[in-house]
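Hi there,

Here is the structure I promised to pass on. Have a look at it first, and then read on for my notes.

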Amino acid sequence: MLRDKSIKTGACPVTESIPASPGIEGGAGSNPPVAAPNIGALAGAVSGSPFTSRAEAATAVKTADLLLIIALFLIMIGGYHVHAMLTMGDWDFWVDWKDRRFWPTVLPIMLVTFPAAAQYFFWVHFRLPFGATFLCLALLTGEWIDRYVSFWGWTFFPITLCWPTSLIPMALYLDIVLLLSKSWIITAIVGSMGFSLLLYPNNWVILAPYHQASEQYGTLMSLADIIGFHYVRTSMPEYIRIIERGTMRTFGKDVVGVASFFAGFVSIIVYFVWWNVGKMFSTVKYMETI
Amino acid sequence: MKTTMLSSLARHAKRQAGRLWALGLAAGLAVTMAATGPADAHGEKSQAAFLRMRTLNWYDLKWSKTSVSVNEEYEITGKLHIMNAWPAAVHIPDRAFVNTGQPGAVANREAVFVGGQFAPRALQLEVGKTYEFRVVLRARRPGHWHTHVQLSVETGGPIPGPGQYVDIKGNFNDFTDPVKLLNGTTVDIETYKLGNIYLWHLLWYVAGAVWIAYWFSKRGLIGRFAWVASGKGEEVVTPQDRLVGAISLAAVLGTVIIFYAITVSSYPNTIPLQAGDFRNIPALAGEVNDGPLKITYLGGSYKVPGRELVANFKITNDGKEAVRIGEFNTAGLRFLNPDVYTTKVDYPDYLLAERGLTLSDNAPIQPGETKEISLTVQDARWDTERLSGLAYDVDSSFAGVLFFFTASGTRYPMEVGGPVIPTFLPV
């Protein structure tokens, strides 16, 4: 984003457009301003600057920073949320879909996408290691608004039925691997794998109580099964639940690890692809004709 | 001058045409919205008539109560005949789910029994057989709700049964749904561990927000971009930042691992989600097609303008008692012969045609006798329930169950049906 030919040749676009801008020395929250390259040439207001003082320029940059980050957050709430709902939908919506095979398989593969692209954008252009966390926080904000307003407020499904999957530990892990390794390849391999492996243990603290057993008229059911059965979803007959299917019979009850490792391997590939998606779209070149 | 003014007006109108069109569209939409009412049905009329007639036949339906208080239980009971006339357009119900059609979770489904078998998951039903069912509901949300039983068929979709309005009174906040666990404790699934859900999400949400705030506070976006763009990207992240990252990583992993271990020890006996279908559901004996009657369909017609189905049958009574035709039941509608049903029938009025069935010969069919009878089914409900679309269906055939009665009160339900020829003009 915002790169042009002048950047590639080493010049700084900010110094050209806002000669007196302290943007290179202090954006939002900067305290105190720190001298940055070329700052010597920007020490005073230059004729033609839109700002009357350094303080005014600093305020403008800070405001622009806040507007940018808020706008990005809102856009990601929408974009990432739509992607998530369309691809992992029911496995995340319902407590009786959070199984040992598909939930830990589908979610990481589908959710490592936007964070990978966001990591390219925030890391390559800003050296900010919060792309994944930023995206997952936006997703969870959208999901909680959706679950509370739509699922509970409009259709009266209790939150015990429709709580969203906890994602932040996975996202923090992905971001910190990038920060420490400074390598997108290592992040793809180590980070994506961890992103997948952390889903189940990180959520088990919420999910475990709903996997307690109960006898219902001679049939064994988990509490999650009972919640899903009791709260009527007219358009969701039981047979469309895609849970606990597959041929991992030889792994007995220990299928979570297998599913998570599988998801991890696929996530590595997905990360590679989406890092490059981020690369493709972190540019203004598609807008040059405007 | 006149021409000039008209030209000017025309130019002005042309310039404003887009705005006027948008304004008109918005006004039109607003008017449409004002005219909408609450959506309290479930599309039961939307499916083609032949599908509703030929897939399932619901009879002996009863709603134990139509007015209940929050937390009060009520039942829908009845019999479900899987029609031999099952159409090719819908997959047979070898994987089906006895579902509840209602506007959301207004009542909790405590139990469903099919053939006496508890059926919380998909089950296999066989064409030509009849099953008894019982649905137990627990009133949850106050209101006036249209409630059905419906059969959802894999790849075939939902097939709603007849609906009845149920009034739920009381306070929604009083609702509880207690479930007893195997360890002996009883929990309310409406709120169980709700605090735990909020706590963990809040904790991680704050952690994520703090992480973003920490980095954003370090020169925001524009400042960092300029710095990175100047070719000094390696200097932007300091060793201290990396130390913060390493400590954060340890904290995240430590928290996940420690609390995972604590949770595992707190809930040592958990089970996976239960999956798998129910098979060998016991069917009812002595129900549809078990009577001592032979019925041959001789053809029929459907008069579209008069909403009148005429079906001709040759019926042989091989029983020991004389029988009379009392009712024709199809797609949840009941067309009664008033000479047989002389008392009020308890059934949703919009589905009950108390005088809807007429016979060419209303005299009983004696034991050993064979009769040709022309049966006329006529009622406005054909139209209101959109069965009159039969004439335009891709398979112009009807089906239903005829109920024969003896003087001693024995009932013989018999499946009938076949192709019908529509008559489009008044004759």
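**A buried pair in chain A**

A:D225 is buried, as its relative accessible area is 4%. Please keep in mind that this is a predicted model. The residue has a charged partner: the side chain of A:D225 forms a salt bridge with that of A:R241, with 2.9 Å from N to O. Within the chain this contact links distant parts, since A:D225 sits in helix α12 of chain A and A:R241 belongs to the loop between α12 (223-230) and α13 (255-281), 16 residues apart. A:R241 also counts as buried, at 6% relative accessibility. Over all chains, the structure holds 29 salt bridges.

**Two salt bridges in chain B**

The first one I picked here is between B:K79 and B:D60, whose closest N and O atoms are 2.8 Å apart. Because B:K79 lies in strand β3 (residues 73-82) and B:D60 in strand β1 (residues 56-63) of chain B, the pair ties together parts that are 19 residues apart in sequence. B:K79 is buried, with 16% relative accessible area, whereas B:D60 is partly exposed at 33%.

The other one is a salt bridge between the side chains of B:D318 and B:K294, at 3.7 Å from N to O. This pair links distant parts of the chain, 24 residues apart: B:K294 is in strand β12 (residues 293-303) of chain B, and B:D318 is in the loop between β13 (308-317) and β14 (323-330). Of these two residues, B:D318 counts as partly exposed at 44% relative accessibility, and B:K294 is exposed at 53%.

Coming back to B:K79 and B:D60, salt bridges with shared partners join these two with B:E287 and B:R411 into one network.

**An open sheet in chain B**

Strand β12 of chain B also belongs to an open sheet of five strands, in the order β17-β18-β13-β12-β21, with mixed pairing. Which strands stand at the edges of the sheet? They are β17 (357-359) and β21 (421-423) of chain B; each has a single partner strand, so one side of each is left without a neighbour in the sheet. On average, neighbouring strands of this sheet are turned by 25 degrees against each other, direction ignored.

At the β17 edge, three bridges join β17(B) to strand β18 (residues 370-378) of chain B, and the two run antiparallel. One place to find this pairing in the viewer is B:L357, whose bridge partner in β18(B) is B:V377.

Happy browsing, and do write back with any questions!

Best wishes

How values were computed
Residues are numbered from 1 along each chain as its sequence is written. Chains are lettered from A and ligands numbered from 1 in the order in which they are written. This is a predicted model: local features need pLDDT of at least 70, side-chain atom pairs count only at pLDDT 80 or more; totals for chains, interfaces and linings use all residues. Side-chain values use heavy atoms; hydrogens and water are left out. Two strands pair if DSSP finds at least two bridges between them. Helices (H or I, at least four residues) and strands (E, at least two) are DSSP runs, numbered from the N terminus. Axes are lines fitted to C-alpha atoms, for helices over the stretch in contact, and angles run from 0 to 180 degrees between N-to-C directions. A salt bridge is a side-chain nitrogen of Lys or Arg within 4 Å of a carboxyl oxygen of Asp or Glu. Buried means under 20% relative accessible area, exposed over 50%, partly exposed in between (1.4 Å probe, protein chains only).
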